[in-house]
Amino acid sequence: MKELRKAIVAGAGIGGLTAAIALQRAGWQVKVVEAAPTLRASGTGLSVMANAMAALHSIDAHVPVEQAGQVIRQFFFKKHNGEPITSMPIHEIGEQLGYPSLNIQRPLLLRALAQQLTPDTLTTGLRCVGYAHCPEGVQVSFEDGSTHQADLLIGADGLNSVIRQQMLGETPTRPSGYIAWLAVTPLSHPLLTEGYVAHYWGRGKRFGLCDVGDGQAYWWGTCNHGNAAEAALRISKQEVLDTYAGWSAEVLAAIEATPENAILKMHARDRAPVEQFCDGQVVLLGDAAHPMLPSLGQGAAQAIEDAVVLVDHLGQTPDLRSALAHYQARRHPRVNGIVNAARFMSGIEQAESRFACWLREWYFRLTPQSSLRKKNIDILSFKPNA
Ligand SMILES: Cc1cc2nc3c(=O)[nH]c(=O)nc-3n(C[C@H](O)[C@H](O)[C@H](O)COP(=O)(O)OP(=O)(O)OC[C@H]3O[C@@H](n4cnc5c(N)ncnc54)[C@H](O)[C@@H]3O)c2cc1C
């Protein structure tokens, strides 16, 4: 009998779990190694956009929307006081493409993906520390001193990837210049209708409010700060409330409803795009390859696309190194374009001067829905061969 090809996936985030599902369905023997003691059991929400849903569907992976998430039905851009600026045709694009965009709690998404792996695939509490090329493929080292050999190592170990560090050397993160706060909280508010998403824009600040289903809201706030990395860690709930004083009532209601210890504080960062995602029989995907600012809600979606495209190439091209080279060539134009677009959009959204904010508002007010649809449809379409 032909021996199964073996893969080690470093990191059980959204990208690593999707890659593991796709590999198992393609007949690989897979070991997923996660540094944290458990899959993330708490945390915030995120959007899983239509392109990610299409990519998951293509490998027959399921996100149980009814139990775990909420289809986005309305998507508004508003002024800080709630006055509408425009709406984004996200729901309509989803209908056109045949795949909805969702809001979901991150732990529920991780759990839903992990449940689609065969038992004993996942080892938690074990950190990958490096790799060495060997005649059989790759030897992977772990923090406890153990090593493991495989045909393929997938570095899906996120923003601070050790696999990336070894492959590419120092590639410094780039600050976003703003603090981000995130939380999921029970919230009942007349505006928080089924599938509601709104981004509220202020000067150097913004706030997002999303229905994630089951009576829960996911919210995030951002605020420009000269020393965001350090400041993010020490700001209290009261200071978050003070940051949004005078904003629309539902914004303040969401923050007020959130227990202090449920507010995650962070400084969002990305890295300058690179064109190398592989080295021998080692490959990067998701945030390990191309971390991006969250402005387009595409980080996890691109990690999912990476995983699906990678496994598709492994199936099509018998020589593993050639398959990785094809994956790299196919993915870097799309993902690097999105990294740049997310940074550009972030600059617009975090604009601080009165004039820039005025210009932004009028640009979005005057842009017809047909143009907004055209601008979004490319990103929201998963094209396995593009
Ligand atoms: C504020 C914010 C909001 C966002 N909102 C959205 C959104 O709405 N939609 C969207 O699509 N994206 C969003 N993103 C981006 C998204 O969260 C990431 O792009 C996505 O999680 C990347 O998935 P990943 O699997 O590549 O990495 P991660 O999710 O970071 O997973 C990496 C995993 O690897 C583990 N790990 C790390 N090092 C090691 C090691 N050495 N050995 C073993 N395991 C290791 C980690 O513990 C982790 O579990 C947002 C990001 C931020 C910061």
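In this predicted model, a nonpolar patch of about 590 Å² lies on the surface. Phe355, Trp358, Leu359, Trp362 and Leu366 make up this patch. Trp362 belongs to helix α12, which covers residues 354-366. The relative accessibility of Trp362 is 37%, so the residue counts as partly exposed. That value is over the 30% required of patch residues.

Two open sheets were examined next. One holds 3 strands in the order β9-β10-β11. The pairing in this sheet is antiparallel. Strands β9 (128-134) and β11 (147-150) form the edges. Each of these two pairs on one side only. Neighbouring strands of the β9-β10-β11 sheet are turned against each other by 25° on average, direction ignored. Strand β10 spans residues 137-142. The antiparallel pairing of β10 with β11 runs over 4 bridges. Within β11, Gln149 is the bridge partner of Gln139.

The other sheet also holds 3 strands, in the order β3-β7-β4. This sheet is open, and its pairing is antiparallel. Its edges are β3 (45-48) and β4 (69-71). Each edge strand has a single partner strand, so one side of each is left without a neighbour in the sheet. From one strand to the next, the twist averages 20°. Strand β7 covers residues 102-105. Strands β4 and β7 run antiparallel and are joined by 3 bridges. Val71 has Leu102, in β7, as its bridge partner.

Side-chain polar contacts were examined at two sites. At one of them, Asn51 sits in helix α2, residues 50-58. Asn51 counts as buried because its relative accessibility is 0%. The Asn51 side chain makes a polar contact with the side chain of Gln298, at 2.9 Å. At the other site, Gln281 occupies the loop between β18 (278-279) and β19 (282-284). With a relative accessible area of 14%, Gln281 is buried. This value falls under the 20% limit for buried residues. The side chain of Gln281 reaches a backbone oxygen, that of Asp151, at 2.6 Å.

Two further residues were placed by their C-alpha separations. Arg40 lies in the loop between β2 (29-34) and β3. The relative accessible area of Arg40 is 44%, so this residue is partly exposed. Arg40 and Gln105 are 65 residues apart in sequence. In space, their C-alpha atoms are 11 Å apart. Asn224 is found in strand β16, which runs through residues 216-224. At 24% relative accessibility, Asn224 also counts as partly exposed. Asn224 and Lys6 are 218 residues apart along the chain. A distance of 46 Å separates their C-alpha atoms.

Terms used
Residues numbered from 1 in each chain as written. Predicted model: local features only at pLDDT ≥ 70, side-chain atom pairs only at ≥ 80, totals over all residues. Heavy atoms only, no water. Patch = residues over 30% accessible without salt bridge, like charges linked within 9 Å, V, L, I, M, F, W, Y side chains within 5 Å. Areas by Shrake-Rupley, 256 points an atom, 1.4 Å probe, with all protein chains shown as cover. Salt bridge = Lys/Arg side-chain N within 4 Å of Asp/Glu carboxyl O. Buried < 20%, exposed > 50% of the residue type's maximum accessible area, 1.4 Å probe, protein only. Pairing = 2+ DSSP bridges. Axes fitted to C-alpha atoms, helices over the stretch in contact; angles between N-to-C directions. Polar contact = N/O pair within 3.5 Å; in protein donor to acceptor, adjacent residues only side chain to side chain.
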